[in-house]
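Biologist: Could you take a close look at a single part of this model and walk me through its surroundings in one connected account? I would like the contacts set out with care.

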Amino acid sequence: MNIGRYENSNVDFMEFNTVGSGGKAYIIDWGFGGIMPYSLDIARFLADTFEFLDYPNNMYQGSLTTEKRSDTHYEVEFRDVSFKYPGSDNYALKNVNLKFTVGEKLAVVGMNGSGKTTFIKLLCRLYDPTEGTILLNGIDIKKYRYDEYMNIFSIVFQDFKLFAMPLGENVATSSDYDRDEVTRCLEKAGFADRLKRLPKGLDTFLYKKLDKEGVEVSGGEAQKIALARALYKDAPFVILDEPTAALDPVAEAEIYSKFNDIVGDKTAVYISHRLSSCKFCDEIAVFHEGGVIQKGTHEQLLADTTGKYYELWNAQAQYYNDDVKEVC
Ligand SMILES: Nc1ncnc2c1ncn2[C@@H]1O[C@H](COP(=O)(O)OP(=O)(O)OP(=O)(O)O)[C@@H](O)[C@H]1O
Ligand SMILES: [Mg+2]
């Protein structure tokens, strides 16, 4: 028997040689009163997960409340915001000024590395600005309680992750959830057919890490589940960073055609490389080299034939003419 501690963690384990098979079994002491037997893979996976969850949050914590307001009136303003990632000498965002109000659909477009995702990361306080201020209803977002502030956003990040847990729990991010509502959100996200084919429905494990009968999902299916998760949270702001990048054209068309229905009267910030998919938004912000260089409706931006939007639009125009036209 071996007793030890996982490197860089506070998780203890006891290792046994299993009789007959020549394999090993592990018993982990999680330090909260329970010990559980696991295989090596699962033990390592769980140790990593718990270690991650123990990471301290060093963000400035304010004390103001941001309860979900019944009048759903929210206004967000970036006021001269600049940002450098920790350890980087270059600005990822430079002097960004942008304002949007609840109910609006804001599209954020721009080339790779222009700062779109960074803008979202700052909005939801994964980082704080190096310079400038982000305001919610006129108050610096740092002054709000961090956990409550996070509650007003439903976000699907470009690099979202699903868990090796049952599908329903993945959508609800909880083991205690409303099954009808989770099903409705999966349907809205275009996952209805696949759901019907899953052996245990919402109780089907994703991946085989914790259940050898778990199912593997494709990139597009994973994206639909992530979208359903954002819808289930039912927050006043829905933020989608490239929400359809992995979807096939049919699924993409389906999401676009139902987008207003999916998002309803919530504020939506919608990041996409595909300009044709942003036409339905009230306002489009064009990012370039860390700044917002243009803002307006699709028609207004296209009228400026010297602008970046016009250039990007024309670079993609061949695709719109071919297959996307009927979607928008
Ligand atoms: N974690 C990081 N550390 C350091 N620099 C980063 C980090 N993430 C992004 N950057 C840099 O910040 C700039 C903006 O990146 P960002 O991810 O916001 O671009 P983007 O517009 O979302 O691009 P894409 O269209 O490829 O998703 C880039 O120059 C990028 O290299
Ligand atoms: Mg990005």
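Modeller:
**The surroundings of ligand 1**

An oxygen atom of ligand 1 lies 2.8 Å from an N or O atom in the side chain of Asn112, and this, like every value that follows, comes from a predicted model. Two further side chains offer polar atoms to the ligand: an N or O atom of Lys116 is 2.7 Å from an oxygen atom of ligand 1, and for the side chain of Thr117 the corresponding distance to a ligand oxygen is 2.8 Å. Of the 640 Å² of accessible area that ligand 1 has on its own, the protein covers 61%.

Asn112, Lys116 and Thr117 belong to a wider shell, which also includes Met111, Gly113, Ser114, Gly115 and Thr118, together with Tyr85, Ala92, Gln158 and His273. By residue class, this shell divides into 3 nonpolar, 8 polar and 1 charged.

Turning to the strands, β7 covers residues 105–110, while Met111 and Asn112 are among the residues around the ligand. Strand β7 runs parallel to β13 (residues 283–288), to which 5 bridges join it, and within this pairing Val109 stands opposite Val286 of β13. Strand β13 in turn pairs with β14 (residues 291–296) in the antiparallel sense, again over 5 bridges, with Lys295 in β14 as the bridge partner of Ala285. The strands β13 and β14 form a hairpin with 2 residues between them, and in its turn Glu289 has a positive phi of about 45°.

Notes: Residues are numbered from 1 along each chain as its sequence is written. Chains are lettered from A and ligands numbered from 1 in the order in which they are written. This is a predicted model: local features need pLDDT of at least 70, side-chain atom pairs count only at pLDDT 80 or more; totals for chains, interfaces and linings use all residues. Side-chain values use heavy atoms; hydrogens and water are left out. A residue is near a molecule or strand if one of its heavy atoms lies within 4 Å of it. A polar contact is a pair of N or O atoms within 3.5 Å; within protein, one must be able to donate a hydrogen and the other to accept it, and residues adjacent in sequence count only if both atoms are side-chain atoms. Accessible areas come from the Shrake-Rupley method with a 1.4 Å probe; for residues, only the protein chains shown count as cover. Ala, Val, Leu, Ile, Met, Phe, Trp, Tyr, Cys and Pro count as nonpolar, Asp, Glu, Lys and Arg as charged, and the others, Gly among them, as polar. Two strands pair if DSSP finds at least two bridges between them. Helices (H or I, at least four residues) and strands (E, at least two) are DSSP runs, numbered from the N terminus.
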